[in-house]
Amino acid sequence: MWANRKCFRRGLVAATVAAVLGLTAAACAGSDGDSGAVSGTGGDSSPVTIRFMSYNYGTPCCGAGTQQLIDEFQKANPNIKIAPEAVAAADVLTKLRTETAAGSPPDVAQLGWSKAGEARSTLPLVPVQDIPSAAEWKAGTDGIYPNILKAVSNPETGKNDIMPFSISVPIIYYNADVFRAAGLDPDKPPTTLAEVKTAAAAITKSGKQGVYFAVADPGKSDYMTQSVMNSAGGGEVDASGAVTVDSPRSVAGLNAIRDLVVGGLQPKVTATDAQAAFAGGNIGMMIFTTAAMATFEKSAAGKFDLRTAAFPSFDDAKARPTYSGAGLAVFSKDKRKQQAAWKFIQFLTSPQGFTILTKTIGYLPLRPAIVSDPAYLGDYFKQNKHLLPSLGQIDDVTPYTYFRGKRANQAVVLLQDEAVTPIVLQGADPAAVLGTAADKIRSLAQ
C-alpha cells in the first residue's frame, strides 16, 4: 500500500525532500486563500459567516494554532467570517447527529478519522470534492500526497468526500536524560519492540517508569490499537471487511503490550496521566501521537533533553503504524456557504496552513515540497528534528481501516473500552477480552 510514496525514505533528512517527486513550493502556492470573494454565487460578494466545529479549537495543545489558522484566513478573506465552536473529540459524532436532526449542522466540521466511517453511513455529508470545479479541485489538491488523498477517500465512490487535514502518527518520545541515568545511549534509541522492552527494564531499575504505549486513547480513537495489531501482522479488519481483532496476530500485538504492563515496565494509568508523567520526567519513553509534539516540547524546554524515534517494529517485521487526526467535512446545503467552506478548506490545507499546523501542533505536513522550502518549513526543520523520524517512516504508514456498518464508531468505542483498556489498565487476558469484543462488534454490523 501507498506504493507511490517515494518522497521520504527512512534515514533521509529534510534537506533531501525538495528534490523528491520533483515537487516545488511554487506548485503548491496556488492553493493559498488570497481573496475575499466567494465564487460560484452569482456575483454576490456580501459577507458570509460559516460555522466551524473543531475538537482542536480552544484546547491547551492545539487551540492557539487553530486560532492562528482562523485569524490568517480571515485576514486574507475579509468577506468570510469563521464562527468556531469547540467540541470534545469523543463527542463529535453525537453533536453532529444532534445538530443535524435539529436542522442546524455546522458548515464545516473537523471529523476524526476514527469517526469518518460511521459519519459516511449516517450523516448527510456534502462531498467536498463536488463543491469546486474539477480544475479547482486539482489546483487545490495538487502537491498533497496522492496516496493520502486516495487512502482517506470514500471506498465506495472513490471520491474525497472528506478533505485530509490533520495527519499524525505514533512516535517514540524519549527522555535522553533518563536514558543516560539508566546507562543507555540516547543516540541509539530502540527500533524494535524487544529493544523497547530492554530499555524499559533498565529505566525501571534506575527508579523511573519505563515506557507507555498509549493504546487506551482518551478520545476513543483506535489508531494506536491498529498500529500495534498491524505491526504484529494482524489488524482490526481484513480486506473483505471481516472483523479480525481476535485473530492470533492481533491478539499477539496487544499481548506484547500486556507483557509490559504485567512485567512492571508500563504503568497501569490512563494515557492522560501518562502524558503528565512523561512531561514531568518520570517516564523514560512514551509512544504517542505526533500531535502531542508541541505540548511535549514546551514541557521539556529547560527541564530535560527530549528526543524522538520512529514507531518500533514487532517480531523483526517492518513497523506498520497507522494515522490519527482528522479530515474536514462539509454539511452546509447553502451554495454560498459551500463555496466559502471550500475557500476555508483550501487555506487550511495550503502550504501556509500546513506550516502553521506543523509548527504549532505537530501534525505532519501533507505537502512534501514545503518541508525543505525556507518560505514554509525549511528553516524549522533545520532547527527542529523531532518530526523527522515520522517523515522518514511515511512509506510504512498504513491506511486507517473501518469497521463496517452504521455503528462503526460504536464498535471502536466498544473495542477500546471493553478490550484495550482492561488489557492496559488491569492486565486482562487479550485473547479472552478480544474474543468477546469481536463477537459484539460483529453483531453491531448485522
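**Exercise 1. Charge and overall form**

Task: Count the positive and negative side chains of the chain, and state how far apart the centres of the two sets lie.

Solution. The chain carries 42 positive side chains. Its negative side chains number 39. The centres of these two sets are 1 Å apart. All of this refers to a predicted model.

Task: Test the radius of gyration of the chain against the value for a compact globule.

Solution. Start with the length: 446 residues. A compact globule with that many residues would have a radius of gyration near 22 Å. The chain has 21 Å, so the two agree. Next, take the extents. The C-alpha trace spans about 70 × 50 × 35 Å along its principal axes.

Task: Describe how the chain is built, covered and connected, using its helices and strands, its buried residues and its contacts.

Solution. Step one, secondary structure: 18 helices and nine strands. Step two, burial: 59% of the 446 residues are buried. Step three, surface: the accessible area is about 16800 Å², and carbon and sulfur atoms supply 53% of it. Step four, contacts: take those with a separation of 6 or more. Of these, 78% join residues 24 or more positions apart.

**Exercise 2. Helix α8**

Task: Check the length of helix α8 against 1.5 Å a residue, then find what its buried residues pack against.

Solution. Helix α8 covers residues 193-205, which is 13 residues. The expected span is 18 Å. The end C-alpha atoms are 18 Å apart, so the helix agrees with the rule.

Now list the buried residues of α8: L193, V196, A199, A200, A202 and I203. Look at the spacing. An α-helix has 3.6 residues a turn, so residues three or four places apart point the same way. The buried residues of α8 pack against two helices and three strands by name: α7 (176-181) and α10 (248-262), with β5 (170-175), β6 (209-213) and β7 (283-289). Just after α8 comes G207, with a positive phi of about 110°.

**Exercise 3. Helix α11**

Task: Name the buried residues of helix α11 and the elements they pack against.

Solution. Helix α11 runs over residues 271-279. Its buried residues are A271, A274, A277, F278 and A279. They pack against β5, β6, β7, α12 (293-300) and β8 (306-309). Strands β5, β6 and β7 also pack against the buried residues of α8. After α11 comes G281, with a positive phi near 85°.

**Exercise 4. Helix α18**

Task: Repeat the span check for helix α18 and say what covers its buried residues.

Solution. Helix α18 covers residues 430-444, with 15 residues. From first to last C-alpha it reaches 21 Å, close to the expected 21 Å. Its buried residues are P430, V433, L434, G435, A437, A438, I441 and L444. Their cover includes α9 (223-231), α10 and α17 (408-426). Helix α10 also meets the buried residues of α8.

**Exercise 5. Single residues**

Task: Decide whether S231 is buried or exposed, and list its contacts beyond four places in sequence.

Solution. S231 sits in helix α9. Its relative accessible area is 2%. Buried means under 20%, so S231 is buried. Beyond its close sequence neighbours, S231 contacts F311, F314, A317, A319, R320 and P321.

Task: Do likewise for G112, buried or exposed?

Solution. G112 belongs to strand β3 (residues 108-112). Its relative accessible area is 8%, so G112 is buried. Outside four places in sequence, G112 touches Y55, G325 and A326. A276 is 164 residues away along the chain, and its C-alpha is 23 Å from that of G112.

Task: How far apart in sequence and in space are S350 and I144, and A151 and A181?

Solution. S350 lies in the loop between α13 (335-348) and α14 (351-360). It has 0% relative accessibility, so S350 is buried. S350 and I144 are 206 residues apart in sequence and 9.0 Å apart, C-alpha to C-alpha.

A151 is in helix α6 (residues 146-151). At 19% it falls under the 20% cut-off, so A151 is buried. A151 and A181 are 30 residues apart along the chain, and their C-alpha atoms are separated by 42 Å.

Terms used: Residues numbered from 1 in each chain as written. Predicted model: local features only at pLDDT ≥ 70, side-chain atom pairs only at ≥ 80, totals over all residues. Heavy atoms only, no water. Helix = DSSP H or I, 4+ residues; strand = E, 2+ residues; numbered from the N terminus. Rg over C-alpha atoms; globule rule 2.2 N^0.38 Å. Buried < 20%, exposed > 50% of the residue type's maximum accessible area, 1.4 Å probe, protein only. Contact = heavy atoms within 4.5 Å. Areas by Shrake-Rupley, 256 points an atom, 1.4 Å probe, with all protein chains shown as cover. Lys, Arg positive; Asp, Glu negative; His and termini not counted. Charge placed at Lys NZ, Arg CZ, Asp CG, Glu CD. Expected span 1.5 Å × (residues − 1).
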